[in-house]
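Reader: I would like to go through this model feature by feature. Please give the general idea each time, then the case at hand.

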Amino acid sequence: MRATRRAVLAGAGAALLASASGSAAGEVLWKRIPATGERIPAVGIGSWITFNVGGDPALRAECRAVMAAFFQAGGGIVDSSPMYGSSQEVIGDALAKLNRPPGLFSADKVWTRSPAGPAQIAETTRRWGVQRFDLLQVHNLIDWERNLDILAAMKEAGRLRYIGVTTSHGRRHDELEAVMRRRPPDFVQLTYNVVDREVEGRLLPLAFERGIAVICNRPFQRGRLPDRLAAHPMPGWAQEIGVSTWPQYLLKFILSHPAVTAAIPATRRVDHLRENKSSAFGPMPDPAMRRRMAEHVRDL
């Protein structure tokens with residue numbers, strides 16, 4: 001089903017969200033990948049900074065414990081990149097020591113210019129220890145046309161399930177929009193949270209119209225949002241959507257947008273991972289509640 005931007009932005013979001021996710025009180029939120037209808041958990045995990053721990057055995061154990069808790073809670077997207085230092089190797093080590101538990105949706109990136117892409121992808125695959133990735137993305141749109149050619153060929157050969165492009169910079173939104181219009185990938189990854197909302201104007205409606213899955217990075221503004229909000233009490237009306245902590249509040253705002261497929265908060269703490277995962281339970285905000293949530297944070 002396709003919808004106009006006006007329908008998404010004017011209030012059809014609540015009905016679309018209910019039909020797409022099947023979420024209700026007491027149920028965990030999964031979202032559908034538009035290209036295939038496959039369902040995945042709405043809360044994944046990122047690895048930027050947090051999993052870049054080198055060979056430190058204690059810190060690797062922390063990462064492994066987080067991943068174990070992640071899979072116990074249903075798993076989903078685990079996202080990394082060649083630019084994230086040792087994160088890929090830390091993920092691969094954890095997967096091996098956890099006996100490769102079910103529930104992994106493996107997502108990584110190509111972050112180089114052609115013709116170096118295939119070699120980098122091969123090294124990434126070795127580090128993870130996977131036979132093939134669920135999703136490979138062109139990181140920050142680097143050499144995106146030629147790298148998308150590489151990924152499309154891999155997908156055609158059955159060596160890759162989905163392809164995507166990413167950006168974490170607002171200044172690249174025009175270029176990302178051009179890619180989405182000229183050559184729609186299966187996924188886009190971009191920055192979206194209750195404060196950084198520029199993508200609501202063009203990119204999220206366009207993704208919805210074109211059937212492109214959306215992964216949201218930086219849901220907590222690298223931790224700044226929860227830190228700032230911690231000084232303020234949770235509004236009583238947040239109980240209506242089953243929210244008792246600010247991270248839950250922030251994630252439910254993101255996940256309730258009908259164009260969003262998943263958010264990937266990063267952490268090296270098991271308690272934070274469980275808190276993040278808990279945001280996918282219970283009722284989701286409708287458009288009126290989303291406006292209230294955004295206005296409340298704006299006014300604090």
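**Reading the model**

Author: Start with a loop residue: at 51% relative accessibility, Arg222 counts as exposed, because exposed means over 50% relative accessible area, buried under 20% and partly exposed in between (1.4 Å probe, protein chains only). This is a predicted model, in which local features need pLDDT of at least 70 and side-chain atom pairs count only at pLDDT 80 or more, while totals for chains, interfaces and linings use all residues. Residues are numbered from 1 along each chain as its sequence is written, and side-chain values use heavy atoms, with hydrogens and water left out.

Reader: Where does Arg222 lie?

Author: Arg222 lies in the loop between S8 and H8. Such labels come from DSSP runs, numbered from the N terminus: helices are H or I runs of at least four residues, and strands are E runs of at least two. Strand S8 covers 213–217 and helix H8 covers 224–229.

Reader: How should I read the backbone in that loop?

Author: Most residues other than glycine have a negative phi, and most peptide bonds are trans. Arg222 has a positive phi of about 60° although it is not a glycine. Gln221, in the loop between S8 and H8, also departs from that pattern, with a positive phi of about 50°.

Reader: Is Gln221 buried or exposed?

Author: Gln221 counts as buried, because its relative accessibility is 16%.

Reader: Which residues are joined by a cis peptide bond?

Author: Ser114 and Pro115 are, with omega about 10°. Pro115 belongs to the loop between strand S4 (104–110) and helix H4 (117–128). Trp111 is found in the loop between S4 and H4, and Trp111 is partly exposed at a relative accessible area of 34%.

Reader: Which residues does Trp111 touch?

Author: Contact means heavy atoms within 4.5 Å. Not counting residues up to four places away in sequence, Trp111 touches Ser81, Pro82, Met83, Gln120, His139 and Ile142. A separation in sequence can also be set beside one in space: Trp111 and Trp144 are 33 residues apart in sequence and 9.7 Å apart, C-alpha to C-alpha. For Ala230 and Ile150 the values are 80 residues and 45 Å, C-alpha to C-alpha.

Reader: How do I read the packing of two helices, such as H5 and H6?

Author: Axes are lines fitted to C-alpha atoms, for helices over the stretch in contact, and angles run from 0 to 180 degrees between N-to-C directions. Angles under 35 degrees count as roughly parallel, over 145 as roughly antiparallel, 65 to 115 as roughly perpendicular and the rest as oblique. Helix H5 (residues 144–156) and helix H6 (residues 173–182) pack at about 40°, with axes 12 Å apart, and are therefore oblique to each other.

Reader: Which residues make that contact?

Author: Trp144, Glu145 and Leu148 in H5 meet Glu175, Val179 and Arg182 in H6. By class there are 3 nonpolar, no polar and 3 charged residues. Here Ala, Val, Leu, Ile, Met, Phe, Trp, Tyr, Cys and Pro count as nonpolar, Asp, Glu, Lys and Arg as charged, and the others, Gly among them, as polar.

Reader: At what angle do H6 and H7 cross?

Author: The axes of H6 and helix H7 (residues 203–210) cross at roughly 10° and come within 11 Å, so H6 and H7 are roughly parallel to each other. His173, Leu176, Glu177, Met180 and Arg181 of H6 make the contact with Leu203, Leu206, Ala207 and Arg210 of H7. These residues divide into 5 nonpolar, 1 polar and 3 charged.

Reader: And the interior?

Author: In soluble globular proteins, nonpolar side chains tend to be buried together. A nonpolar core is a set of buried Ala, Val, Leu, Ile, Met, Phe, Trp, Tyr and Cys residues joined through side-chain atoms within 4.5 Å. The largest one has 73 residues, and Leu151, Leu190 and Tyr192 have the most contacts inside it. Helix H9 (residues 246–255) gives the largest share of this core, 7 residues. A second, separate core of 12 residues includes Ile33, Ile77, Phe105 and Phe187.

Reader: How many residues of H9 are buried?

Author: H9 is mostly covered, with 10 of its 10 residues buried. Among them are Trp246, Gln248 and Lys252.
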